[in-house]
Amino acid sequence: MDRQVIHTEQELIEWLKGAGDTLSLDTETTDLKYYQLECLGISLCDGKRACYIVLGDKDGQVGLVDYLRHRSVCRGRCVAFHNAPFDLKVLHKLGIEPPENVICTMTAAHLLDEEGDKGLKDLAIRYLHVPEDQVKHYEEVVTKGVNSTEFYDYAMNDAIWTWQLWQVFKPLLEEQGLSNLFYNIEMPFQFVLRDLEINGVQIDQPALVTARESLRKELMQACLDTWEAGGIKYDVALLGELIPEINLNSPKQLVEFIQTRLGVRLTPEEDGGYSVDKSVLESLKDRHPFFGKLLYYRSVEKLANSFFEKLPECIDGDGRIRCHFNNTVTVTGRLSSSDPNMQQLPKKGTALANVRALIIAPPGKVLVGGDWSGQELRVLAEVSRDLTMIDAFIRGQDVHLTLANGFMDLGINEKLLYESHPQFQEIRKKYKDQRDKCKTINFGIPYGKTAYGFALDWNVTEAEAQAEIDKYFSKFPRIQEAIQGCTRRVKSRGFVANLFGRRRRFKHLSKRAFRQAFNFLIQGASADMFKLGAVAVRKLFLAHEEWGGKIILAVHDEIVTEVNEQYRDVVMKDMKYALEHCVSLCVPVVCDIGWGHNYADCK
DNA sequence: GGCTGCGAGACTCG
DNA sequence: TCACGAGTCTCGCAGCC
């Protein structure tokens, strides 16, 4: 492969003259986070030649970046990246127009092997058979300097391997029936991922500081109360720090304390150890005041340390938090979020400290959020084609109560099953236990929950729980058939494919694998549905620039956006339509839309 | 004696 | 063996300098 290091505009013009309409592109940057990153250079490969455009070099940079801005290398081309959202972010930061057609080899690798390594170097060794000793790592090369021959070669290798991987992956995607998922769902979605990481969420910093202060006091008080309730003594160290006899954060010390000092016997786990988690403490609440105090201490400790103490460290200079959304971690196709994880912000805070209320709309804007109503249950209806379930959804009835009515022979008049019926609330209250039981089954089924698990929940024998499940399946036979069919496919082919062709593969057959397989059909299809919905919302925002719409959060079945206040109503109407029509199922797709000046109120 | 890495346990979310 | 999919915090221990 011909290699060239480019320092001037003229060299770049010459190089691009010989390039076709497909390129691979990789960027070298000083940081991974959007707000602070600077681009050192860009490497390109056209299959025959590779080049590295030096941007970190002051003499070259101005002219080259200007040229790249005005005569974008991407325009009219299909560009392959390894981890497209990252390089798209870098191009955005440089003000360079992105390509319309994007290829992401990292996503392709994930679709082809959801559990395998996704790193470019690992893939080059595995698929391109590059000898391991020829694969250099960033930390190793950067010590030679970012303007060394070694660094330039390293950068060009990344573009070359990306190109070559794409040549390998393209036919494999086709062979495995993954092309539609790749080209029509995942690739458009790369831009949503880019936008999410560029946009971030606006934080109410003064409110965060105030809440953190009150939470610190609350935590101290909760700690003292718990010590007092348990008769735990403490010393005062030189700097005023309190040193207790036992550490409330240590499960090991707690077990010892509860059994010997409080004299409360704990029930051993199957492995012989003892758990002191929430459910255990709840069950002991009446035995000693210590347990209630400890539960409260734990809730405040979690809120304070995991959220109110951590979030301030994540705020960028412009008052926004930009977390990382990873599209190639989960085996089901869901996104994961980290640094910080914005998908696990507590729904309930305390009166003094509600994390979600700290995510605010900037002046002149509001937050508009949409989430699918009963998404996984509707996908279950689609996957199983169970007629009772489909019927209930089409009629717009309360699905849990309708199903409970069906399988427990409650004899409720069908008209009363509609949420709109004046007597609905009364009926729902009357049959609350039956409805709750059915809801547990409805949610448990996609997880492959067993009689053993239900028995624990309901405090009945395993045989009794099994009888309930049998009755459920006899009333809704298609659901059982769907599960059995899924198990058969895992056994015969070693994988299952969801509604969109996404695959989950299994190396070993086990009960656990069968549960995971069926859950994948539901969770995985819901994840792909989310991606389609998010792409539809992004398109809507591009078509209506005046709305000032930004997608700021993605939480599995929920999408949160920031829009200009005066367009709130039209955004809500159009976004609802887009989310409800991004896929077509045998049951209606229903989306709840809400708005607020902060995330907590956005419902 | 202090630092680092890792697994366990607990908790957050959908 | 017993409910799927994630990330992060703290503790406690092993290994290292």
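User: How many Å separate the centres of domain 1 and domain 2?
Analyst: The two centres, taken over C-alpha atoms, lie 47 Å apart. The model is predicted, with local features needing pLDDT of at least 70 and side-chain atom pairs counting only at pLDDT 80 or more, while totals for chains, interfaces and linings use all residues. Residues are numbered from 1 along each chain as its sequence is written, and chains are lettered from A and ligands numbered from 1 in the order in which they are written.

User: Which domains does chain A have?
Analyst: The assignment gives domain 1 (2-199), domain 2 (203-321) and domain 3 (387-475); such bounds come from an automatic or database domain assignment.

User: What about the overall dimensions of chain A?
Analyst: Its C-alpha atoms fill a box of roughly 80 × 70 × 55 Å along the principal axes. The radius of gyration of chain A is 28 Å, which agrees with the value near 25 Å for a compact globule of 603 residues. That radius is taken over C-alpha atoms, and the globule rule is 2.2 Å times the number of residues to the power 0.38.

User: Moving on to the DNA, which residues are closest to strand B?
Analyst: D277, K278, Q344, K347 and H556 are the closest of the 19 residues surrounding DNA strand B. A residue is near a strand if its C-beta atom, placed from the backbone, lies within 6 Å of it. By class, this surface has 4 nonpolar, 7 polar and 8 charged residues. Here Ala, Val, Leu, Ile, Met, Phe, Trp, Tyr, Cys and Pro count as nonpolar, Asp, Glu, Lys and Arg as charged, and the others, Gly among them, as polar.

User: And which residues come nearest to strand C?
Analyst: S250, S336, S338, Y452 and G453 come nearest, out of 34 residues around DNA strand C. The classes there are 6 nonpolar, 21 polar and 7 charged.

User: Which element gives the largest share of the surface near DNA strand C?
Analyst: Helix α21 does, with 5 residues. Helices (H or I, at least four residues) and strands (E, at least two) are DSSP runs, numbered from the N terminus.

User: Switching topic, how do β5 and β6 pair?
Analyst: Strands β5 (residues 78-81) and β6 (residues 101-104) pair in the parallel sense over 4 bridges, where pairing requires that DSSP finds at least two bridges between two strands. A80 stands opposite I103 in β6.

User: What does β5 pair with besides that?
Analyst: Strand β2 (residues 22-29) runs parallel to β5, joined by 3 bridges, and L23 stands opposite V79 in β5.
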